Amino acid sequence: MNKINNIQFEEFYSSLKKDELAIVNSLKTILESYPSLKLKISYSVLYFFQRSRVCFIWPASIKSGPKSGVQLGFCNGYLLEDKLKLLEKGNRKQVYCITFKSASEVNREVLEYYIQNAIDVDNQIFSKKKV
């Protein structure tokens, strides 16, 4: 990671409240278990890329984020299966989110279902573009 990226990460983490940091760390730990996902700072928040943007972690402390808590957003959420009915659409057409108010709400098994679905969608979109 270069010096600019280190500064961006430091700015991100230093802007978080204690409860947001706990949620962010829980989500980040789960997402980092997927070797195909690469972490970058984009729009001042954590984005996970594979072939394109797959998902992001957006705390309320960061401008344009949720009013409270931390959102795990799926960039192509409109294409995901939502058998558990957890995805929040709001007034968005493409990006759907799950908002966490505390780290205890982060359920690895549930999130793995959505994350793997998002990775699969990213692979499908990319393979269609290459044809």
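## A helix across the sheet

Helix 2 lies across strand 1, strand 2, strand 3, strand 4 and strand 5, and its direction makes an angle of about 165 degrees with strand 3. Keep in mind while looking around that this is a predicted model.

## The sheet itself

How are the five strands of the open sheet ordered? They follow the order 1-2-3-4-5, and the pairing is antiparallel. Strand 1 (residues 38-42) and strand 5 sit at the edges with a single partner strand each, so one side of each has no neighbour in the sheet. On average, neighbouring strands are turned by 25 degrees against each other, if you ignore direction.

For a closer look, try strand 2 and strand 3: they run antiparallel and are joined by four bridges. Here you can find Leu 46 standing opposite Ile 57 of strand 3.

## The nonpolar core

In soluble globular proteins, nonpolar side chains tend to end up buried together. In this model, the largest nonpolar core has 40 residues, and the ones touching the most other members are Leu 27, Ile 57, Leu 72, Phe 74, Leu 111 and Ile 115. At least two core residues come from each of helix 1 (3-14), helix 2 (18-31), strand 2, strand 3, strand 4 (70-74), strand 5 (96-100) and helix 3. Helix 3 gives the largest share, with seven residues.

Phe 74 is a handy place to start exploring. Setting aside residues up to four places away in sequence, Phe 74 touches a long list of others, including Val 54, Cys 55 and Phe 56, then Leu 80 and Leu 87, and also Tyr 114, Ile 115 and Ala 118.

## Asn 117 on helix 3

Next, a polar residue: Asn 117 belongs to helix 3, which spans residues 108-130. Is Asn 117 buried or exposed? Its relative accessibility is 11%, so Asn 117 counts as buried, the cut-off for buried being under 20%. Apart from neighbours within four places in sequence, Asn 117 is in contact with Leu 80 and Glu 81.

## Gln 50 in its loop

Gln 50 is found in the loop between strand 2 (45-49) and strand 3 (53-59). Which side chains does it reach through polar contacts? One is Asp 122, where the side chains are joined by a polar contact of 2.9 Å. Another is Asn 123, whose side chain makes a polar contact of 3.0 Å with that of Gln 50.

Leaving out neighbours within four places in sequence, the contacts of Gln 50 also include Ser 36, Leu 37 and Ile 119.

Technical notes. Residues are numbered from 1 along each chain as its sequence is written. This is a predicted model: local features need pLDDT of at least 70, side-chain atom pairs count only at pLDDT 80 or more; totals for chains, interfaces and linings use all residues. Side-chain values use heavy atoms; hydrogens and water are left out. Buried means under 20% relative accessible area, exposed over 50%, partly exposed in between (1.4 Å probe, protein chains only). Contact means heavy atoms within 4.5 Å. A polar contact is a pair of N or O atoms within 3.5 Å; within protein, one must be able to donate a hydrogen and the other to accept it, and residues adjacent in sequence count only if both atoms are side-chain atoms. A nonpolar core is a set of buried Ala, Val, Leu, Ile, Met, Phe, Trp, Tyr and Cys residues joined through side-chain atoms within 4.5 Å. Two strands pair if DSSP finds at least two bridges between them. Axes are lines fitted to C-alpha atoms, for helices over the stretch in contact, and angles run from 0 to 180 degrees between N-to-C directions.
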